[in-house]
Amino acid sequence: MRIFRNKLLIILYVCLLAFCSVWVFFKIQERDIVNQLNNHNLSQNAYEVVMKGTTSLEDINNKISNSSKIDDVQIHYQDKKNSNLTYFFGKGDYSTTPMVSGSFFADNDFNSEVTVALVGKNIAKKLYKPKDQDYLKINSGYLPVLGVMGEKHSSSSLDDQIFISGAISTLKNLTSNDYRIVIDSYKPLDAKIIKKALGAKEVKTIFTNSLGIPKGVWLTSLVRKMIALLFIFIAFLAEAILWGVSYKRRYVIKRATVNRATFQEWQVFTILALVGMSAGTILGLIYFTLYSYTGTIIFNSLMLIAGSIVCYLTIYDRIKKQVKE
């Protein structure tokens with residue numbers, strides 16, 4: 001009964017460590033995602049465009065659509081009088097915001113006479129909901145809402161943003177002087193190509209470091225998470241050493257070689273650790289939404305391998321001492 005209890009405790013202990021490791025990687029990714037959402041979901045490839053003169057937003061959209069050298073982009077027309085309001089236009093494949101509910105804009109929304117909107121999850125609390133469709137009241141009119149933007153488990157400035165895909169007739173009456181124009185893409189864009197295609201006065205980069213975040217702040221946050229991972233790693237190695245040191249089955253040595261006795265005890269620990277590691281990792285991935293599993297899987301695999309090696313060496317040393325005794 002005691003042996004069963006000890007084995008169960010090891011599984012639960014390793015399961016907890018693996019779960020915590022997934023949580024740390026989730027926090028690392030969450031930090032990067034929130035930083036991006038705080039900047040309208042723009043990447044470090046984003047440029048601010050300053051036009052030479054007054055031009056309509058519809059004219060800018062047409063120039064982007066007709067350019068063969070500019071593809072897979074999104075354009076944000078950020079209202080200078082209302083920092084929470086952005087007219088959005090997309091071409092090709094581009095990064096969309098995380099959605100709490102509903103869906104992001106489709107291509108047809110950019111060539112329509114119907115103005116539709118996306119709202120942050122804080123704005124969603126104020127929507128008009130007569131039946132199956134939600135509406136956003138702006139000025140004296142109501143806009144149908146396609147979806148709610150934001151991360152379910154974290155907060156960012158995106159929660160208070162409104163993205164609008166304006167009708168063609170509406171965009172014809174909106175001018176570039178009233179908006180901060182930002183163009184973004186998955187892959188780095190050539191500022192010269194943008195400037196030529198739009199006939200712009202200036203095209204300048206927006207972010208010079210990690211999305212405008214002070215380097216010291218970002219580094220401090222990362223170091224803390226690295227320390228947490230190191231603590232988890234050491235805690236697992238400590239358990240592996242404890243298992244090896246607690247080896248007391250002397251009777252095994254009389255019937256087997258040192259190597260065989262070591263392998264038998266090491267095998268038990270490794271199987272228990274593998275079960276706990278797998279369970280903790282799976283539970284963590286189910287509970288936390290990760291955009292990349294690579295870091296978590298590599299870390300937990302290395303931790304399991306290192307712990308297994310340390311356990312084997314500890315048991316081997318323990319048994320050899322028993323033989324000499």
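UniProt positions are given here in the numbering used for this chain, and annotations of this kind may be inferred rather than shown by experiment. With that reservation, the unreviewed UniProt entry places the feature "transmembrane region" at residues 226-247, 268-291 and 297-316. The structure described is a predicted model, and the secondary structure of two of these segments can be read from it directly. Over residues 268-291 the chain is 83% helix and 0% strand, with the end C-alpha atoms 34 Å apart, while residues 297-316 are 100% helix and 0% strand, their end C-alpha atoms being separated by 28 Å.

In overall composition, the protein contains 8 helices and 10 strands. Of its 325 residues, 44% count as buried, and its accessible surface comes to about 18000 Å², of which carbon and sulfur atoms account for 58%. Among contacts between residues at least 6 apart in sequence, 80% join residues that are at least 24 apart.

A nonpolar patch of about 490 Å² is found on the surface, made by Ile298, Leu302, Ile305, Ile309 and Leu313. One of these residues, Leu302, is found in helix H8, which comprises residues 294-324. A charged residue type appears in a contrasting setting in helix H5 (residues 215-245), where Glu239 lies. Glu239 counts as buried because its relative accessibility is 13%, under the 20% limit for that class. Beyond residues up to four places away in sequence, Glu239 touches Ile10, Tyr13 and Phe269.

Helix H2, spanning residues 57-66, has Leu57, Glu58, Ile60, Asn61 and Ile64 as buried residues. These residues lie on the same side of H2, because they cover an arc of only 160° around the axis. Such an arrangement may be viewed against the geometry of the α-helix, in which there are 3.6 residues a turn, so residues three or four places apart point the same way. The cover over the buried residues of H2 includes strands S1 (47-51), S2 (73-79), S3 (85-91) and S9 (179-185), together with helices H3 (168-171) and H4 (191-198).

The structure holds 2 salt bridges. In one of them, Arg180 pairs with Glu48, the closest N and O atoms being 3.5 Å apart. This pair links distant parts of the chain, since Arg180 belongs to strand S9 and Glu48 to strand S1, 132 residues apart. Arg180 is partly exposed, with a relative accessible area of 28%, whereas Glu48, at 17% relative accessibility, counts as buried. The other salt bridge joins Asp59 and Lys63, whose closest N and O atoms are 3.6 Å apart. Both Asp59 and Lys63 lie in helix H2, 4 residues apart, which is about one turn of the helix. Asp59 counts as partly exposed at 29% relative accessibility, and Lys63 is likewise partly exposed, with a relative accessible area of 29%.

A further contact between separate stretches of the chain involves Ala167, which lies in the loop between strand S8 (162-165) and helix H3. Ala167 is buried, its relative accessible area being 2%. Its C-alpha atom is separated by 4.4 Å from that of Glu113, although the two residues are 54 residues apart along the chain. When residues up to four places away in sequence are not counted, Ala167 touches Ser112, Glu113, Val114 and Thr115.

Conventions. Residues are numbered from 1 along each chain as its sequence is written. This is a predicted model: local features need pLDDT of at least 70, side-chain atom pairs count only at pLDDT 80 or more; totals for chains, interfaces and linings use all residues. Side-chain values use heavy atoms; hydrogens and water are left out. Buried means under 20% relative accessible area, exposed over 50%, partly exposed in between (1.4 Å probe, protein chains only). Helices (H or I, at least four residues) and strands (E, at least two) are DSSP runs, numbered from the N terminus. The arc is that of the directions from the helix axis to the C-beta atoms. Contact means heavy atoms within 4.5 Å. Patches are made of residues with over 30% relative accessible area and no salt bridge: like charges are joined within 9 Å, nonpolar side chains (Val, Leu, Ile, Met, Phe, Trp, Tyr) within 5 Å. Accessible areas come from the Shrake-Rupley method with a 1.4 Å probe; for residues, only the protein chains shown count as cover. A salt bridge is a side-chain nitrogen of Lys or Arg within 4 Å of a carboxyl oxygen of Asp or Glu.
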